[in-house]
Amino acid sequence: MLKENKKIIGIWYIVSYTAITIGVIIGSFYYIYKFNQSAEVKNYLDAYTNSLRSGMNFNDLLKSSFKTYSLLFLVIVVASLFKYGGFFILFVLIRKGFISAFTTSAMIEVYGSGGILLLTSLLPEILFIIPVLALFSSISIFYSQNKQKCEKRDKIL
């Protein structure tokens, strides 16, 4: 039973990563076709980089990031409590991939090689948070599916 559960969670892990990848593909193409060479995006990124240069407080940035990811994980936990929460979790993963790819595409297009350097700030997200998010999501989807089976069994008894 445990070995079978690990296999199912592994499959959901692959599905979770696939959802993030789909979001990345959609986000990249959306940026290219909708905002390529856009002054609006350039102005937004300029304001963002200026706030970084003006001495943005590292603790405030860390608190903001922690708050954002805590909310994301909370949404996944709450979704796992519902019968069809797995679909919502996959949507959340697609959205996360979309946002990451859109930001990456914009920074590279606007700043070129400097944008790639600026993207090193996303390295912790790419190396640690995305894999943990995919694992957490796969376990939550598995829980949502098992919850559904348990409820059916309880109704029969």
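The protein has six helices and zero strands, where helices (H or I, at least four residues) and strands (E, at least two) are DSSP runs numbered from the N terminus. Along the sequence this reads as α-α-α-α-α-α. The model is a predicted one, so local features need pLDDT of at least 70 and side-chain atom pairs count only at pLDDT 80 or more, while totals for chains, interfaces and linings use all residues. Residues are numbered from 1 along each chain as its sequence is written, and side-chain values use heavy atoms, with hydrogens and water left out.

Now for the helices themselves. Helix α1 (residues 2–35) has 34 residues and reaches 48 Å from its first C-alpha to its last, close to the expected 50 Å; the expected span is 1.5 Å times one less than the number of residues. Helix α4 (residues 85–111) agrees with its expected span, because its 27 residues should cover 39 Å and its end C-alpha atoms are 39 Å apart. Just after α1, Gln 37 takes a positive phi of about 65°, and Gly 112 takes a positive phi of about 65° just after α4.

What about the inside? Of the 157 residues, 30% count as buried, meaning under 20% relative accessible area, with exposed over 50% and partly exposed in between (1.4 Å probe, protein chains only). In α1, the buried residues include Trp 12, Ile 20, Tyr 31 and Phe 35.

The largest nonpolar core has 16 residues, and Ile 89, Leu 90, Leu 93 and Leu 133 have the most contacts inside it. Such a core is a set of buried Ala, Val, Leu, Ile, Met, Phe, Trp, Tyr and Cys residues joined through side-chain atoms within 4.5 Å. Helices α1, α3, α4 and α6 (123–156) each give two or more residues to this core, and the largest share, five residues, comes from α3. Apart from this core lies another, of eight residues, among them Leu 45, Ala 106, Met 107 and Val 110. Leaving aside neighbours within four places in sequence, Leu 133 is in contact (heavy atoms within 4.5 Å) with Leu 72, Phe 73, Ile 76, Leu 93 and Lys 96. Among contacts between residues at least 6 apart in sequence, 84% join residues at least 24 apart.

On the outside, the accessible surface (Shrake-Rupley method, 1.4 Å probe; for residues, only the protein chains shown count as cover) comes to about 10,700 Å², of which 70% belongs to carbon and sulfur atoms.
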